[in-house]
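I pulled this one up to jot down what I could look up from the coordinates. Notes follow in the order I went.

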Amino acid sequence: MNTQNPVATYALRLGDNGLVLAQRLGAWCGHAPELEIDLALANIGLDLLGQARNFLSYAAELNGSGDEDTLAFGRDERLFSNVLLVEQPNGNFADTIARQFFMDAWHVALFSRLVNSRDAQIAAIAAKGLKEVRYHLRFSRGWLERLGNGTDYSAQLMQQAVNSLWRFTGELFMADELDISLSEQGIAVDPRELAAEWQTTVHTALLDAGLQIPEEAAFRRGGKQGLHSEHLGPMLAEMQYLQRSYPGQQW
């Protein structure tokens, strides 16, 4: 489904971020290190899924066709516009925490600004989501520090996870014509404006966790334009299987 309305395209990007990350977190159900963590990751995933439904529903409404389900289950890989970070595999628990922490810090910075959007629907979704992502950040930062300040082995795994995912963080702050145009209209947020707050949050947490801040990397990009890593396709195949096999069914 090709979107024409620029606000719909922007909402779709935000919705895809939440949808893909929620799917990744859902895969931890029954496999997390502790029951409490299992429930926490599931609840965070549900929060993100709720945000995704709101953004995708709004995108469908603006485009005048489909709904959140057709956008989630009816699009191919190249039509998804999530950033590359959220589609990276769960890996071990440290990998998941690093990915979540990077996104949570970004979401808090983004939603705290989107509440002032001139688009009333985007502002409302951001206001509700801001309460949720602030909790998400407390959870992921807490575990980042526990693992970093834990055993030598947990610190090693946490540092490896941070280093491995660092190359995907630069895309969070790359602006294209759509971002710039909508931010000038007061609808969106220019992602470049989020970099300073994100860096302060992330750098402080890494140092508090006894971890090293990675050196600048050759950042990966392209997710918002539909150019994804090799990991998104298999994830979508699993997520969309039932609806693709039995299209239009109601349960």
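How many Å apart are the mean positions of the positive and negative charges of the protein? I got 2 Å, with 20 positive and 31 negative charges going into the two means. Note to self: this is a predicted model, so every value here is computed from it.

**Entry: overall layout**

I went through the secondary structure next. I found ten helices and zero strands, so my string of elements from the N terminus reads α-α-α-α-α-α-α-α-α-α.

Then I looked at size. For 251 residues, the radius of gyration of a compact globule would be near 18 Å, and I got 18 Å for this protein, which agrees. Along the principal axes, I have the C-alpha trace spanning about 55 × 45 × 30 Å.

I also looked at contacts between residues at least 6 apart in sequence: 79% of them join residues at least 24 apart.

**Entry: surface and burial**

My burial count puts 53% of the 251 residues in the buried class. The exposed area came out at about 11,700 Å², and carbon and sulfur atoms supply 50% of that.

**Entry: the core**

Nonpolar side chains tend to be buried together in soluble globular proteins, and I wanted to see what this fold does. I found 81 residues in the largest nonpolar core, where Y10, L144 and M158 have the most contacts inside it. Helix 4, residues 93-114, gives the most to this core, with 14 residues.

I picked Y10 to follow up. Leaving out residues up to four places away in sequence, Y10 touches L110, L114, I122, L178, D179, L182, A188 and V189.

One of those partners, L182, got its own look. I placed L182 in helix 7, which covers residues 177-184. L182 has 2% relative accessibility, so I filed it as buried. Beyond its neighbours within four places in sequence, my contact list for L182 holds P6, V7, Y10, I187 and A188. I also took the C-alpha separation between L182 and R118: 10.0 Å, for residues 64 apart along the chain.

**Entry: S140**

Is S140 buried or exposed? S140 counts as buried because its relative accessibility is 0%, and the cut-off for buried is under 20%. I placed S140 in helix 5. Not counting residues up to four places away in sequence, S140 touches I97, Q100, F101 and D104.

**Entry: two loop residues**

Where does N149 sit? I found N149 in the loop between helix 5 (120-148) and helix 6 (152-165). With 48% relative accessibility, N149 counts as partly exposed, a class that runs from the 20% cut-off to the 50% one. Setting aside its neighbours within four places in sequence, I see N149 in contact with D208, A209 and G210. N149 and A105 are 44 residues apart along the chain, and I got 20 Å between their C-alpha atoms.

S65 was my other loop pick. I located S65 in the loop between helix 2 (35-63) and helix 3 (68-73). S65 counts as partly exposed, at 35% relative accessibility. Last lookup of the session: from S65 to L207 I got 48 Å, C-alpha to C-alpha, for a pair 142 residues apart in sequence.

Methods
Residues numbered from 1 in each chain as written. Predicted model: local features only at pLDDT ≥ 70, side-chain atom pairs only at ≥ 80, totals over all residues. Heavy atoms only, no water. Core = buried A, V, L, I, M, F, W, Y, C linked by side-chain atoms within 4.5 Å. Buried < 20%, exposed > 50% of the residue type's maximum accessible area, 1.4 Å probe, protein only. Helix = DSSP H or I, 4+ residues; strand = E, 2+ residues; numbered from the N terminus. Contact = heavy atoms within 4.5 Å. Rg over C-alpha atoms; globule rule 2.2 N^0.38 Å. Areas by Shrake-Rupley, 256 points an atom, 1.4 Å probe, with all protein chains shown as cover. Lys, Arg positive; Asp, Glu negative; His and termini not counted. Charge placed at Lys NZ, Arg CZ, Asp CG, Glu CD.
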